[in-house]
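Student: Please take one part of this structure and go through it closely with me. I would like to follow how that part connects to what surrounds it, and then hear about the other features worth a look.

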Amino acid sequence: MVGLCLSDPHPDRAGDGSTIRTLSAARFAGRYRLVDFMLSNMVNSKIFTIGMILNSHYQSLISHIGMGKDWDLARKSGGVYFFPPYYADDRRSVNSELDGPLQRAAEYLNELKTEYVLLADSSIIYNMNYRKAFEAHKKSGADITAIYTKKKITTGERENTVAFTIDENNKVTGIGLSTPNAESVNASLGAYIMHKRHFIQLTAAEKNCGMLRFSRVLLTDALSRLSIEAYEFKGYSAHICSVETFFHYNLDILDINNRNSLFDFENRQIFTNRRDSLPAKYGKQADIKNSVISDGCQIDGTVINSVICRNVKIAPGAVIKNCVLQDDTVVEKNASMDCIITDNSVIISEGRTMMGYRTYPVYIERGRVI
């Protein structure tokens, strides 16, 4: 089975608020990127040929993955392949409407002997063995197997969450957006197993395609002629599709049950790009409560209910509550922050006070000095 990963399934919405990186390169839980979960799921499922379908702002993603060594993808046979939106002959950058990475991915599939393809959404993170779903797919005889989970959808997810209607025979009979205020929906995990001919047929007229269009338009149109089986996943999942969901799920991982279900579910490891960096250093005035602190940090202030990424410096007297601070952020003396997201290399000056809300966090762009 070959894996295809949509690196930017919602190109009009940046998960962490950034416009400088594709969604799958957004950070999560301090040291990870969203794409790490999809790559790890595939590798843990013995899928070692993976295509990344790119849209825009993908340099950060390519730099993060590199040759795929950290996911055991630096191989003579198989490995990770990138399909960016440019012409293959002269590498000219063009509008996505003039050139289609999906089409090149389909051409690549045609050259492979492998019959089946797994199309996956990198903005939905979970820890799963796809082999079990693949075995169920072959046993059912269905044309497509759609992987879903039963969960309550947060407000920030509703516009981008696809919900399935499933009959008593476990067949998908309807596809639409999730119902507001529903206690539980059959939420798509954006993962579909199918024969490669079905993927090629479904995307034949598509130059570029997000997961919402694939699910709500292409699959909906195919419901009358293709058999779509539903496969339920019962572990923890998080859909990062907006600033609100980026903030919500980063803090949600502070719950040890959620953390264990994601990072050590059935003893499957999540891999990421490893860096040689020093351990976090804590000063005499440091006070840490219920937080994730990454390598290379220097903490001399107070950190409560927060996710702190690599190489962040927090000076004495600074108070950080309910925040997500990304790489190389500097918080100077006596600054106070609550419900704030910083991008890389942000400086919060001495004595500054900043406050957002749980449902409306404040995002600070990369390199800003406040």
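Tutor: What follows starts with one helix, goes on to a strand that its residues touch, and then turns to other parts of the chain.

This is a predicted model, in which local features need pLDDT of at least 70 and side-chain atom pairs count only at pLDDT 80 or more, while totals for chains, interfaces and linings use all residues. Residues are numbered from 1 along each chain as its sequence is written, and side-chain values use heavy atoms, with hydrogens and water left out.

Let's begin with helix H1, residues 34-44, where Met42 has its place. Helices here are DSSP runs of H or I of at least four residues, strands are runs of E of at least two, and both are numbered from the N terminus. Of the 11 residues of H1, 10 are buried, so this helix is largely enclosed by the rest of the structure. Buried means under 20% relative accessible area, exposed means over 50%, and partly exposed lies in between, with a 1.4 Å probe and protein chains only. The buried residues of H1 run through Leu34, Val35, Asp36, Phe37, Met38, Leu39, Ser40, Asn41, Met42 and Val43. After the helix comes Lys46, which has a positive phi, near 65°.

Met42 is a good residue to zoom in on. Its relative accessibility is 0%, so Met42 counts as buried. Leaving out residues up to four places away in sequence, Met42 touches Gly3, Leu4, Ile47, Ile50, Leu118, Ala120 and Tyr130, where contact means heavy atoms within 4.5 Å. Met42 also lies 9.7 Å from Met1, C-alpha to C-alpha, although 41 residues separate the two in sequence.

Two of those contacts, Gly3 and Leu4, lead us to strand S1. Strand S1 spans residues 2-6, and 5 of its 5 residues are buried. Both faces are covered, with Val2, Leu4 and Leu6 on one side and Gly3 and Cys5 on the other. S1 runs parallel to strand S6 (residues 116-121), joined by 5 bridges; two strands count as paired if DSSP finds at least two bridges between them. Within that pairing, Leu4 has Leu119 as its bridge partner. S1 also pairs in the parallel sense with strand S4 (residues 49-53), over 4 bridges, and there Leu6 is partnered by Ile53.

Further along the chain there is another parallel arrangement to compare by eye. Here 5 strands form an open sheet with parallel pairing, in the order S16-S19-S22-S25-S28. Strand S16 (292-293) and strand S28 (362-364) are the edge strands, each pairing on one side only. Strand S25 (residues 340-342) is joined to S28 by 3 bridges, and Thr342 stands opposite Ile364 in S28.

Now look at helix H6, residues 211-222, where Met211, Phe214, Ser215, Leu218, Leu219 and Ala222 are buried. Seen down the helix axis, the buried residues of H6 fall within an arc of 125°, so they line one face; the arc is that of the directions from the helix axis to the C-beta atoms. H6 also contributes 3 residues to the lining of the largest cavity, the most of any element. That cavity has a volume of about 70 Å³, and Met211 is among the lining residues closest to its centre, along with Ile124, Asn160, Val162 and Ser188. A cavity is a set of points on a 1 Å grid over the protein atoms alone where a 1.4 Å probe fits but cannot get out, and lining residues have an atom within 4 Å of a point. Grid points are joined across faces, edges and corners, and the volume is the space filled by probe spheres set on the points.

Finally, a salt bridge. Arg275 pairs with Asp327, with the closest N and O atoms 3.6 Å apart. The two sit 52 residues apart, Arg275 in the loop between helix H8 (256-263) and strand S14 (281-282), and Asp327 in the loop between strand S22 (324-325) and strand S23 (330-331). Arg275 is partly exposed at 40% relative accessibility, whereas Asp327 is buried at 4%. Salt bridges that share partners join Arg27, Arg275 and Asp327 into one network. The rule asks for a side-chain nitrogen of Lys or Arg within 4 Å of a carboxyl oxygen of Asp or Glu, and the count by that rule is 8.

Notes: 1 Å grid on protein atoms, 1.4 Å probe; cavity = no way out; pocket = protein on both sides within 12 Å on 5 of 7 lines; lining within 4 Å.
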